[in-house]
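This report is meant for someone meeting the structure for the first time. It begins with the metal ions, moves on to helices and unusual backbone points, and ends at the surface.

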Amino acid sequence: MKTKLSFANPAEVETECLAVVVLDRGEKDRGEDRGEKDKSDVVIDTSANAVREAAAEIIASGEVSGKIFETNMLHRPAKLKAKRLLLIGGGKAKNFSTFELRRMSGTAVRFLKPKGVRSFTFVVPDNLPAEDALKAVVEGGFVGDFDPDTYKSDRKDQKIDTLTVIAKGNQADAGLQRAMNEACIMGESQNFTRELVNEPSNRMTPTMLADRARAMSQEVGLKCEIYGADKIRELKMGAFWSVAQGSDEPPALIVMRHEPAGAPEKPVLGLVGKGITFDTGGISIKPADGMEKMKYDMAGGAAMIGAMRAIALLKPKIKVIGIVCASENMPSGHAQKPGDVQIAMSGKSIEIINTDAEGRLVLADGLHYARQLGCTHLVDAATLTGAVVVALGYVNAGVFANDEQMYERFRQALNRAGEKMWRMPLDEEYKESIRSGIADIVNSGGRWGGAVTAAMFLKEFAEDTPWLHLDIAGTAWMEDNKSWIAKGPSGIAVRSLVEFAKNFADGA
Ligand code: BES
Ligand code: MN
Ligand code: ZN
């Protein structure tokens, strides 16, 4: 998808479709009025009079509610040069923010694509900070443009060719030009992650994931090292290897480095991703029902690869090391068994209670390795637990932190990125659940508080390094089509990680 920044008068733009935001300035929620008439008061959020006039009649008709993601399309709108005018609901004006706007832009893309519209123009609403709003429209457009139908033989290529965004200002505005460039990089990197996650496990083995990371690194100028089984054993990554040993597919330890000239020695940000390209559960095998979904168990690793791509292109002056521990989790004659004891790279001994709790094993060594490489701050992302889905459903990812300052910075990055994550606890009391009778810790804390006890396990390997853990099991895969995003891989965490790294460079 190409993108163009324009400062034209919306009425004068020749385009297949002009998309504008409709807001409800009414005082009450629809349907909640106590016998009084609904006071909804629908307005188009633009100062372009001609656009408001073109929509005046349909708005006067009462057909437009302004409800979030509602779409109404007019053909040959009066006195506009555009062929169509698309009104996209943004909900209540008082709650309207770039968060809604991002998804509205995705909604516009997904509404227009199947109609054969290949290019359109989005008018950035007036009442939001210009750069943030522009960024939201472009990022949301990329999110909406992605479809996971790669292997359909009757696949209709329905991509949008060109998204033009009309902003207030002028071509000389460096801030807007920069926001545009950043947003394209964010959007493309998020979709790159989604492509990786979308691939089935026979087409995205650990080796293939490593190849994709290497090719991407070459394109954008990252250093990339890839290690196999020998090196993993040589490094004494006993936890990582215990998962990899059961599979005929060789594992891969992927290390990508962003070390820009002029970056300070410290901080060094480590991004560690779970890259299980298929999780059968191992000997503690999963039920057949729904097991096919476990191809997305490398979504944390893919998020780190996508984030490293964006970081390489945006060039924040901070060292960042991306590490992905890629392996299959298979049952076989070589597979580890419940009761086995493994020695992690850090020296901690782990009693394997459940071979299906494999993500924390590969991450234990990934986190320790990141510290050894000199990372002063760590973030991991993983489709780690079913329990986080029980706790937070498909809406919020779980975020865990052992450092308040780092959490606060990440919270701000989440806001800028428009991603939802909810903080979960890490009280010392939870550690009781991962005590072992025979080793230092067990790899499964059992059923209750499963997302927390998994995080407590990882905390043992982050030790005193400031660290965040993102459990994206419920959010890395969209269960249904939404108006703004296709069913399938979401690319969650990429934008937030990049915002976080960017801000870390500025504020360090
Ligand atoms: N990859 C799964 C977690 C998962 C579950 C992701 C559902 C997405 C959807 C992970 O490796 C796993 O199997 N976790 C176990 C841990 C348990 C054995 C302690 C789980 O959540 O059941
Ligand atoms: Mn598992
Ligand atoms: Zn897993």
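How far apart are the manganese ion (ligand 2) and the zinc ion (ligand 3), and which residue coordinates both? In this model, which is predicted, the manganese ion (ligand 2) and the zinc ion (ligand 3) are 3.1 Å apart, and the residue that coordinates both is D279.

## The two metal sites

The manganese ion (ligand 2) is held by D279 through OD, by D356 through both O and OD, and by E358 through OE, with distances of 2.0 to 2.2 Å. Read along the chain, these donors follow the spacing D-x76-D-x1-E. The angles among the six donor atoms of the manganese ion (ligand 2) run from 71 to 168°, and the site is irregular.

The zinc ion (ligand 3), for its part, is coordinated by NZ of K274, OD of D279, OD of D297 and OE of E358, at 2.0 to 2.4 Å. Here the arrangement is octahedral, because the six donor atoms around the zinc ion (ligand 3) subtend angles of 78 to 174°. For comparison with an ideal case, six octahedral donors would have angles of 90 or 180 degrees at the metal. The donors of the zinc ion (ligand 3) follow the spacing K-x4-D-x17-D-x60-E along the chain. Distant parts of the chain are linked in this way, since K274 belongs to strand 10 (residues 268–279) whereas E358 sits in the loop between strand 13 (349–351) and helix 10 (359–372), 84 residues apart.

Are K274 and E358 buried or exposed? K274 counts as buried because its relative accessibility is 1%, and E358 is likewise buried, with a relative accessible area of 1%.

## A cis peptide bond before strand 10

The peptide bond that leads from K266 to P267 is cis, and its omega is near 0°. P267 is found in the loop between strand 9 (252–258) and strand 10, and strand 10 is the element that holds K274.

## Two helices and the residues that follow them

Helix 9 and helix 13 can be described side by side, since for each of them the length, the cover and the residue just after the helix are known.

| Helix | Residues | Span between end C-alpha atoms | Expected span | Buried residues | Residue just after, with phi |
|---|---|---|---|---|---|
| Helix 9 | 299–314 | 22 Å | 22 Å | 15 of 16 | K315, about 55° |
| Helix 13 | 450–462 | 19 Å | 18 Å | 12 of 13 | E463, about 50° |

In helix 9, the end C-alpha atoms are 22 Å apart, which agrees with the span that 16 residues should have at 1.5 Å a residue. Helix 9 is also mostly covered, with 15 of its 16 residues buried. K315, in the loop between helix 9 and strand 11 (319–329), has a positive phi although it is a residue other than glycine. This residue counts as exposed because K315 has 55% relative accessibility, above the cut-off of 50%.

Helix 13 reaches 19 Å from its first C-alpha to its last, close to the expected 18 Å. Because 12 of its 13 residues are buried, helix 13 is largely enclosed by the rest of the structure; among these buried residues are V452, M456, F457, L458 and F461, as well as E460. E463 lies in the loop between helix 13 and strand 18 (467–471), and its phi, near 50°, is again a positive value in a residue other than glycine. With a relative accessible area of 37%, E463 is partly exposed.

## Features of the surface

V341, I343 and I438 form a nonpolar patch on the surface, and together they have about 280 Å² of accessible area. One of these residues, I438, lies in the loop between strand 16 (421–423) and strand 17 (441–442), and it counts as exposed because I438 has a relative accessibility of 61%.

Q412, a residue of helix 12 (residues 404–417), counts as partly exposed, with 33% relative accessibility. Computed along the sequence is not the only way to place Q412: Q412 and S201 are 211 residues apart in sequence, and from C-alpha to C-alpha they are 35 Å apart in space.

How values were computed:
Residues numbered from 1 in each chain as written. Chains lettered and ligands numbered in written order. Predicted model: local features only at pLDDT ≥ 70, side-chain atom pairs only at ≥ 80, totals over all residues. Heavy atoms only, no water. Patch = residues over 30% accessible without salt bridge, like charges linked within 9 Å, V, L, I, M, F, W, Y side chains within 5 Å. Areas by Shrake-Rupley, 256 points an atom, 1.4 Å probe, with all protein chains shown as cover. Salt bridge = Lys/Arg side-chain N within 4 Å of Asp/Glu carboxyl O. Helix = DSSP H or I, 4+ residues; strand = E, 2+ residues; numbered from the N terminus. Buried < 20%, exposed > 50% of the residue type's maximum accessible area, 1.4 Å probe, protein only. Expected span 1.5 Å × (residues − 1). Donors = N, O, S within 2.8 Å, 3.2 Å for Na, K, Ca; no water. Tetrahedral: all angles 85-135°; square planar, octahedral: opposite > 155°, others 65-115°.
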